[in-house]
Amino acid sequence: MSPDVMIYNVLCLAVPFSVAILIAALGENFNQRAGVFNLGCDGIMCMGAYLGFMLPYTLKGGVMAPYGNFLGLLGAMAVGAAFGLLFALVTVTFRASQGIAGIGLQMLGWGLSGTLFRHFVGGVTGVEGIQILPIPYLSKIPFLGGVLFNHNPLAYVAFLLVPASWFLLYKTPWGLKVRAVGTHPRAADTMGIHVDRTRYQALALGGAMAGLAGAYLSLCQAKMFSDDLVAGRGFIAVALVYFGRWSPLGILGGALLFSIAQSFQLSMQVWGIKFPYEFAVMLPYVLVIVVLALARKARQLGPTDLGKPYNREMRF
Amino acid sequence: MTAAAEPISELKLEGITKRFPGVLACDGISLDVRRGEVLALVGENGAGKTTLMNIIMGLYRPDSGSISVNGEVVQFRAPGDAYARGIGMVHQHFMLVPNMTVAENLALGLKDLHHFMRLDIKGAAQKIREVSERYELPVNPDAYIWQLSVGEQQRVELVKTLCLGAKLLILDEPTSALTPQETDDLIERLQRMASELAIIFISHKLNEVKALSDRVSILRHGAVVFNGHTANHEPSELAALMTGHEVTLPRNEGSGLQGTPLLSVRQLRVRGDRGNFALDGLDLELRAGEVLGVAGVSGNGQREFADALAGLRPVESGEILFQGRNLANKTPREIIDSGMGYVPEDRQTEGIVPSFSVKDNLILKDFAAKKFSKLSFLARKSIDRNAEQLKEQFDIRCPSTSTATGALSGGNIQKVILAREIARGPKALVAVYPTRGIDMGAQEFIHSQLLERRREGIGIILISEELEEVMNLSDRIAVIYKGRILKVLSAVEATRERLGILMAGLADTDPPPAAGASSLPAAGAAHE
């Protein structure tokens, strides 16, 4: 196999790998920009994956069947938003420790989705899911067409979410509020911004996006559900936000780097390169750890009040 | 927040009371201020000034009492409500989001610029230009807050508050972070603005109160103890009312004859938190038995200098020679053992362990010494004895020496730290902002303690931004600017004006002839 074909294969595979972590990380970015880090992202993805699978699965054969996939995505976003709001209740209203609450939420989402799945479905069953949608003309471009324009519709959505989140954060009143409450909530408060309300909204949006990311895994990628479908991708998403320094473009870069590493290790196994595959599987995760450890902590432009509950009556 | 419906003509507070857990912050306070008038609100830290203002702004809810605007009783639930009635506040700790631009900071509060999916940032910039022109407060709307100096941020705060339609300005210690020149400038601007606004000016600097205000109200322990016209009262009279007793801060009446060189810092280069050289070739010499004041606007390397002296920050190059031994890049333990005392800037987090008892904090540097440990167990009896003795000697006011130190007032925490450092018998003492934010009584005590140690022959480096403090205590004053010592003046040479000019980084144009024996060859003077 010639090197350019190898590169082509790696890149074609990397794009689908990046979708779920990209959507989830862009959502987590809204949470963190508002000053709340949601470690429960992974659990929300589990719930999203479950509901995204479950709705089309139950509706199969009925009158609603044509809308099954769409309702699955919608349901995943709804359950994600609900989990986001639950997290807001615990961390914003009751000011619980975000780290512990996030781990709790992760376990809740993971356990609940698995339990519900075993109760209602049980064994391995597939759904038709959402199929690949090559973009007319563009997908025929040599090399680039295959890499960029021959994917699942949700992949295009994910990449469009990058400029969309940037626009939302930097060009709209809501984004301004989110950035303010995550950096200097007291200043925002003195300017008449409802700090808690804005954090609730950001957490709901972040949750909905995590739910959507989960649904991508079950409905578009695996076309089935199992407990270990999400496999820690939610935590990778949280790491990507730090990696990307709270900028949508940085997050995209991180997501691509991670997924290229992942598709590279898979390709290595396919090509039969003699290398212990356990190490290859580790590669993307090791990469994230190394990059995070080396990244200089320039938080000048990040949310400096990240992780701190806001209490108006707390004295300085 | 739109412009006020009607211009504010009078704000009246009646019987405002506010309790925090364990503290009665405001105790039945009544005040009033009218258009065209500057009311100075004076009191020591913890007297309840800021709490009261936060109540006016709707940030805190009062437990009882009423606020009325133009004779109509109002209830503010959030600052937005106060702005809607034309009341705006410039907080002591700036309420600016550092990673946003000036225009974005204003746009946060201007709801009529918030359109669906579109933020009218140009409108905000336009408004800033209008207001900054009208009140002659130059501000660049596109600058990021974190890039601005403290003085510029202060201006941004003023412009922001005016843009939001405030006709009554509350200024909470607006000069606390400014250089003397910036302060004069601000006072002058405020005087000009006062005719069309009402201003509540909070300060404990009585000369500023005297210069700016028409009337003055003094708060003590949450209650108003005095109301009067500023013109009829002398600053010293106001100071006595503020503290409840006559205060005379001790002065260094020294002969100016110092002992042998104790500590010499040569070409010290240290990086700041952002990786820049916060100290860039600093030279300084300290002698035994002198107080060497280091004056400067905060952020010119003071923190890094103190950190380097205490071994808390790596030294890139240069020497810290203490009694002939280079302490640069030694561990804090080695530096402590060499006889260097340290009163850190942040007393709550660096000076003490807040949750530890007073007696434990008093042995924090000596827990392993023979005196306080036997067979590597703490010797409780001698620790208790030590604490009782120091409590007496340093007038530490605490219920018992087992009380958590963090629960004490700032002044008493500072006494704990000072007691620990002095009891160790140091040869040199570095004191960083030793009286920042503490009441005048404790200030008086700490100053006299420092002067007493000086008489005993300890060399003291006093880093402070309070010119009064530096001038009262020092034998010599070094002005620090951008990580270097710009000039070292003897106490006689150092006037407020000269120091102010040097602190702003301007060259000292006409140095008067050195007066008397007190002027030593200044180590840093080479860097003018």
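Here is a short tour of a predicted model with two chains, A and B, in contact.

Local features are given only at pLDDT of at least 70 and side-chain atom pairs only at pLDDT 80 or more, while totals for chains, interfaces and linings use all residues. Residues are numbered from 1 along each chain as its sequence is written, and chains are lettered from A in the order in which they are written.

Let's start where the chains meet. On chain A, 23 residues are in contact with 26 residues of chain B (contact: C-beta atoms, placed from the backbone, within 7 Å). Helices H7 (173–183) and H8 (185–190) of chain A each bring at least two residues to that side, and H7(A) gives the most, with 6 residues. Helices here are DSSP runs of H or I, at least four residues, numbered from the N terminus.

Now for a helix pair within chain A. H3 (residues 68–93) and H9 (residues 195–222) pack at about 140°, with axes 6 Å apart; axes are lines fitted to C-alpha atoms over the stretch in contact, and angles run from 0 to 180 degrees between N-to-C directions. H3(A) and H9(A) are therefore oblique (not under 35, over 145 or 65 to 115 degrees).

Here is the make-up by class (nonpolar: Ala, Val, Leu, Ile, Met, Phe, Trp, Tyr, Cys and Pro; charged: Asp, Glu, Lys and Arg; polar: the others, Gly among them).

| Contact | Nonpolar | Polar | Charged |
|---|---|---|---|
| H3(A) with H9(A) | 19 residues | 9 residues | 2 residues |
| Side of chain A touching chain B | 9 residues | 6 residues | 8 residues |

What about confidence? The predictor gives the complex an ipTM of 0.88 and a pTM of 0.78. Chain B has a mean pLDDT (confidence in each residue, from 0 to 100) of 87, but pLDDT stays under 50 over residues 512–528 of chain B.

Key: pLDDT is the predictor's confidence in each residue, from 0 to 100.
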